[in-house]
Amino acid sequence: MEILLVCAEVRGISTSTSRVIMGDHFATDVLFGAFIRITGMLLFCRLFKVDLYPNSQPNASALLKDKNAPYFR
């Protein structure tokens, strides 16, 4: 799954860079399009509760609030 994400990001960055270099788009157009894409994906993940970091450790502040959580030093 992570390899697909990396491939998609590499393809997107290389495509946008080549379009700016070739003169097909202005750099501001490409940056604005990237901003819309990233914002849309974050909203999509939040709306459908997609875990963006499935292998990450729980938040330390959340552990402090949970009385049943194990205590780590």
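**Reading charge pairs and cysteines in a three-helix chain**

Tutor: Let's begin with charge pairs: in this predicted model, the count comes to one salt bridge.

Student: Happy to start there! What is the general idea behind such a pair, and which side chains meet in the salt bridge here?

Tutor: Side chains of opposite charge can pair when their charged atoms come close. In this structure, the partners are Arg-37 and Glu-9, with 3.3 Å from N to O. Arg-37 belongs to helix H2 (residues 27-47) and Glu-9 to helix H1 (residues 2-22), so the bridge ties together parts that are 28 residues apart in sequence.

Student: How should I read the surroundings of Arg-37 and Glu-9: buried, partly exposed or exposed?

Tutor: Arg-37 has a relative accessible area of 43%, which makes it partly exposed. Glu-9 is partly exposed too, at 30%.

Student: Now the cysteines. How many disulfides does the structure hold?

Tutor: The general idea is that a disulfide is a covalent bond between the sulfur atoms of two cysteines. Here the count is zero. As for accessibility, Cys-7 is partly exposed at 46%, whereas Cys-45 is buried at 11%, under the 20% cut-off.

Student: And the chain as a whole: which elements does it have, and in what order do they run?

Tutor: The protein chain has three helices and zero strands, giving α-α-α from the N terminus on.

Student: What share of the residues counts as buried?

Tutor: Just 4% of the 73 residues. The accessible surface comes to about 7200 Å², and carbon and sulfur atoms account for 67% of that area.

Methods
Residues numbered from 1 in each chain as written. Predicted model: local features only at pLDDT ≥ 70, side-chain atom pairs only at ≥ 80, totals over all residues. Heavy atoms only, no water. Salt bridge = Lys/Arg side-chain N within 4 Å of Asp/Glu carboxyl O. Helix = DSSP H or I, 4+ residues; strand = E, 2+ residues; numbered from the N terminus. Buried < 20%, exposed > 50% of the residue type's maximum accessible area, 1.4 Å probe, protein only. Disulfide = S-S within 2.5 Å. Areas by Shrake-Rupley, 256 points an atom, 1.4 Å probe, with all protein chains shown as cover.
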